Amino acid sequence: MKVDPGIYKPLPADHGELCHPVQADGFHLLPELCNENSRAGTWVPPAMEVIDAVEGKPLRRTDAPWCCSSSMVFRSTVLDKLGDLLTAAGIGLPLAWSGHELYVLNVTRVSPALNEEASDVWRFDGGQIAW
């Protein structure tokens, strides 16, 4: 498979499944996986839940249940098909879920692709880019 390099922003699938930490404080772990530091040796998977219905309406099954824009969560089928592409950018860390296998991408390779002078950038108080 030939893949053109580019800049991609994850977006949720229309009416697709969601994936959230069981404990709300689990959300703080996920953005920390995108800073070029491997967590493979220290990773303790947070308990996750896949939300397959909202207000009684079923959500469509997806290989990448939506968690948040800072983290890519995916099923093992994604690793099977895109493993080489993903491992060029990072490591798939397992998540604790009672269903099938879920992974979150721990980004260990970041390209300096942001042209700050030509962009509108909003930062958190500590200087980290929010968007």
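**Notebook: cysteines, cores, charges, helix 1**

C19 comes out buried, at 0% relative accessibility. I am working on a predicted model.

*Cysteines.* I asked how far the sulfur of C19 is from the closest cysteine sulfur. That closest sulfur belongs to C67, and the separation is 5.3 Å, too far for a bond. I then looked from the side of C67. Its nearest cysteine sulfur is that of C68, 4.2 Å away, and C67 is in no disulfide. The cut-off I applied is 2.5 Å between sulfur atoms. C67 is buried too, with a relative accessible area of 6%. I ran the search over the whole structure and got zero disulfides.

*Nonpolar cores.* Next I looked up the largest nonpolar core. It has 13 residues. Which of them touch the most other members? I found V73, L95 and V104. I checked which strands feed this core. Strand 2 (48-51), strand 6 (90-95) and strand 7 (102-107) each give at least two residues. I also noted another core, apart from this one, with six residues. Its members include F74, V78, L86 and Y103.

I took L95 for a contact list, leaving out residues up to four places away in sequence. L95 touches W43, P45, P46 and M48. It also touches V73, L102, Y103 and V104.

*Salt bridges.* How many salt bridges are there? I count two.

I looked at R75 and E17 to begin with. Their side chains meet at 2.9 Å, N to O. R75 sits in strand 5 (residues 73-75), while E17 is in the segment before strand 1 (18-21), so the bridge ties together parts 58 residues apart in sequence. Buried or exposed, I asked of R75 and E17? Both are buried.

I turned to R123 and E116. This salt bridge spans 2.5 Å, N to O. R123 counts as partly exposed, because its relative accessibility is 36%. E116 is partly exposed as well, at 43% relative accessible area. I put a general remark beside these pairs: side chains of opposite charge can pair when their charged atoms come close.

*Helix 1.* I compared the length of helix 1 with its span. The helix covers residues 76-87, 12 residues in total. Its end C-alpha atoms are only 13 Å apart. A straight helix at 1.5 Å a residue would reach 16 Å, so helix 1 falls short of that.

Which residues of helix 1 are buried? I list V78, G83 and L86. Seen down the axis, the buried residues fall within an arc of 140 degrees, so they line one face of the helix. A general rule goes with this: an α-helix has 3.6 residues a turn, so residues three or four places apart point the same way. On the face turned away from the buried side I find D80, K81 and D84, which are exposed. I also looked up what the buried side packs against. The partners are strand 5, strand 6 and strand 7. Two of these buried residues, V78 and L86, turn up again in the six-residue core.

*R39.* One more arginine to look up. R39 is placed in the loop between strand 1 and strand 2. It counts as buried because its relative accessibility is 18%, and the cut-off for buried is under 20%. What does R39 touch, not counting residues up to four places away in sequence? I get E32, L33, L93 and N106.

Technical notes: Residues are numbered from 1 along each chain as its sequence is written. This is a predicted model: local features need pLDDT of at least 70, side-chain atom pairs count only at pLDDT 80 or more; totals for chains, interfaces and linings use all residues. Side-chain values use heavy atoms; hydrogens and water are left out. A nonpolar core is a set of buried Ala, Val, Leu, Ile, Met, Phe, Trp, Tyr and Cys residues joined through side-chain atoms within 4.5 Å. Buried means under 20% relative accessible area, exposed over 50%, partly exposed in between (1.4 Å probe, protein chains only). Helices (H or I, at least four residues) and strands (E, at least two) are DSSP runs, numbered from the N terminus. Contact means heavy atoms within 4.5 Å. A salt bridge is a side-chain nitrogen of Lys or Arg within 4 Å of a carboxyl oxygen of Asp or Glu. The arc is that of the directions from the helix axis to the C-beta atoms.
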